[in-house]
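This briefing goes through one protein model, beginning with its annotated positions and the surroundings of the ligand, and then turning to the strands and helices.

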Amino acid sequence: MSATEVLQNSDKSLAEHAKSRYDASVRLSVAPMMDWTDGYCRVFHRLLAPNARLYTEMVHANAVIHGDRAKLLAMDPVEHPVALQLGGSEPALLAQAARIGADHGFDEINLNVGCPSDRVQAGRFGACLMREPALVAEGVAAMIAACDVPVTVKCRLGVDDDHEYARFLAFIDTVAAAGCRDFIVHARNAWLKGLSPKENREVPPLRYDWAYALKRERPALTVVVNGGIADAGEATAHLDHVDGAMLGRAAYHDPWLLHRLDAAWYGGPVSTRADVLRAMRPYVERQLARGAQLKHISRHWLGLFQGERGGRAFRQVLSEGAHRPGADWSLVEQAIAVTAARPPEAHGFDAVGASAQK
Ligand SMILES: Cc1cc2nc3c(=O)[nH]c(=O)nc-3n(C[C@H](O)[C@H](O)[C@H](O)COP(=O)(O)O)c2cc1C
């Protein structure tokens with residue numbers, strides 16, 4: 001089947017295409033996103049996509065070492081496999097933070113070499129490290145020596161006016177020589193001056209061909225492509241060239257996309273939006289009993305019924321009601337009721353409940 005056929009986007013064609021390529025070894029990942037991929041979000045994404053790799057928001061190595069770990073590294077067992085994303089550049093600190101992350105149960109430690117914000121540049125980490133491959137390699141080597149889970153790197157193609165593929169490849173080779181086998185490539189440059197982080201996710205042109213060339217020329221490395229992937233067809237078409245796709249904004253705003261991709265790529269059962277949401281109930285009620293507010297949990301669900309009948313009303317009921325003091329699960333049922341979803345019934349999709357009973 002051709003990528004063009006896949007782009008026609010029927011779930012059957014996605015499934016056939018993914019299977020014909022790499023079977024279960026394909027990587028579906030949800031991007032690390034500050035203020036978005038908190039623990040509440042990751043649990044929701046896990047229920048939607050049982051086989052996806054999830055990533056935390058970036059946490060600076062210093063914060064891991066000196067900060068409130070119970071809060072910063074909080075993770076529900078249902079989230080596995082989940083990666084802790086670290087920011088930083090001092091090898092000794094990165095190593096210490098990586099060890100702490102692995103001891104907390106994270107399945108992977110990922111180093112951020114892609115964030116372009118001014119604050120991050122001032123701290124000499126994030127995307128500006130694309131210009132310091134030797135330092136990244138030193139950091140990665142120290143992290144690998146300090147922990148026994150995979151250490152991965154999420155990077156850009158380059159910064160500012162780096163337009164030579166050879167320079168990008170040299171960066172990867174230097175870091176790979178330090179022992180990193182897995183690279184997530186946000187396939188555009190970061191412009192360090194004059195663009196906001198948001199513009200840096202939109203303005204510099206995408207060059208997927210560099211990620212494809214990397215996989216072709218370094219087949220032993222795992223290459224996951226990221227940046228601008230808008231739908232299931234596009235994500236699946238990348239499997240012709242690389243090992244997987246990492247989705248950020250599209251997955252966040254249209255979470256059902258994750259469920260479709262997971263079912264298509266890994267062959268799992270297809271559930272319904274309402275059933276996935278109801279599978280959150282034991283987790284949500286536990287969090288509410290601990291003093292959490294529904295609005296902080298449910299804000300990640302607003303796009304669940306996007307494009308469906310009642311999708312806007314669902315969003316409205318949830319976003320207005322969840323702010324009220326004492327908002328509880330009954331509001332979620334009200335929100336589901338305004339959609340075309342079927343009424344409550346037994347469903348076999350209760351991963352969070354199951355983990356709670358362990
Ligand atoms: C709100 C937001 C926060 C982000 N925070 C991080 C972060 O903490 N670490 C990181 O590596 N990338 C971060 N990113 C970048 C994403 O991981 C991803 O590389 C980028 O959005 C491109 O992928 P997309 O087009 O699929 O969204 C963030 C993106 C968004 C939208």
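UniProt positions are given here in the numbering used for this structure, and such annotations may be inferred rather than shown by experiment. The model is predicted, and the secondary structure of the protein comes to 19 helices and 8 strands. Of the 358 residues in the protein, buried residues make up 46%, and among contacts with a separation of 6 or more, 74% are between residues 24 or more positions apart.

**Annotated binding site**

- According to the unreviewed UniProt entry, the annotation "binding site" covers Pro32, Met33, Met34, Gln85, Lys154, His186, Asn226, Gly227, Gly228, Gly248 and Arg249.
- Gln85 belongs to strand β3, which spans residues 82-87, and Gln85 counts as buried because it has 26 C-beta neighbours inside 10 Å, where 20 or more are required.
- Once its neighbours within four places in sequence are left aside, Gln85 is in contact with Pro32, Tyr55, Thr56, Met58, Val59, Asn110 and Asn112; Pro32 is also covered by the "binding site" annotation.
- His186 lies in strand β6, residues 182-186, and is buried, since 27 other C-beta atoms lie within 10 Å of its own.
- The contacts of His186, again without its neighbours within four places in sequence, are Gly114, Lys154, Arg156, Asn226 and Gly227, and of these residues Lys154, Asn226 and Gly227 are also covered by the "binding site" annotation.

**Annotated active site**

- The same unreviewed UniProt entry carries the annotation "active site", and this covers Cys115.
- Cys115 sits in the loop between β4 (108-113) and α7 (118-122), and with 25 C-beta neighbours inside 10 Å it counts as buried.
- Not counting residues up to four places away in sequence, Cys115 touches Met58, Gly87, Val120, Gly126, Ala127 and Pro197; Met58 is also in contact with Gln85.

**Shell around the ligand**

- There are 23 residues around the ligand, and those that come nearest are Ala31, Met33, Met58, Gly248 and Arg249; among them, Met33, Gly248 and Arg249 are covered by the "binding site" annotation as well.
- Strand β2 (53-60) and helix α12 (249-253) each supply at least two residues of this shell.
- By residue class, the shell around the ligand divides into 10 nonpolar, 8 polar and 5 charged residues.

**Strand β5 and its partners**

- Strand β5, residues 151-155, is mostly covered, with 5 of its 5 residues buried.
- Val151, Val153 and Cys155 point one way from β5, whereas Thr152 and Lys154 point the other way, and all are buried.
- β4 and β5 run parallel and are joined by 5 bridges, and the bridge partner of Asn110 in β5 is Thr152.
- β5 and β6 also run parallel, joined by 3 bridges, and the bridge partner of Val153 in β6 is Phe183.
- Val151 of strand β5 is buried, with 29 other C-beta atoms within 10 Å, and it touches Ala98, Ile109, Val140, Met143, Ile144 and Cys180 when residues up to four places away in sequence are not counted.
- The C-alpha atoms of Val151 and Leu111 are separated by 7.5 Å, although these residues are 40 residues apart along the chain.

**Helices α10 and α13**

- In helix α10, residues 208-217, the buried residues are Tyr208, Ala211, Leu214 and Lys215. Seen down the axis of α10, these buried residues fall within an arc of 120°, so they line one face of the helix.
- An α-helix has 3.6 residues a turn, so residues three or four places apart point the same way.
- The buried residues of α10 pack against α9 (165-177), β6 and β7 (222-226), while Asp209, Arg216 and Glu217 are exposed on the other side of α10.
- Helix α13, residues 256-266, is largely enclosed by the rest of the structure, because 8 of its 11 residues are buried.
- The buried residues of α13 are Leu257, Leu258, His259, Arg260, Leu261, Ala263, Ala264 and Trp265, and just after α13, Gly267 takes a positive phi of about 75°.

Methods:
Residues are numbered from 1 along each chain as its sequence is written. This is a predicted model: local features need pLDDT of at least 70, side-chain atom pairs count only at pLDDT 80 or more; totals for chains, interfaces and linings use all residues. Helices (H or I, at least four residues) and strands (E, at least two) are DSSP runs, numbered from the N terminus. A residue is buried if 20 or more other C-beta atoms lie within 10 Å of its own, exposed if 12 or fewer, and partly exposed in between; C-beta atoms are placed from the backbone. Two residues are in contact if their C-beta atoms, placed from the backbone, lie within 7 Å. A residue is near a molecule or strand if its C-beta atom, placed from the backbone, lies within 6 Å of it. Ala, Val, Leu, Ile, Met, Phe, Trp, Tyr, Cys and Pro count as nonpolar, Asp, Glu, Lys and Arg as charged, and the others, Gly among them, as polar. The arc is that of the directions from the helix axis to the C-beta atoms. Two strands pair if DSSP finds at least two bridges between them.
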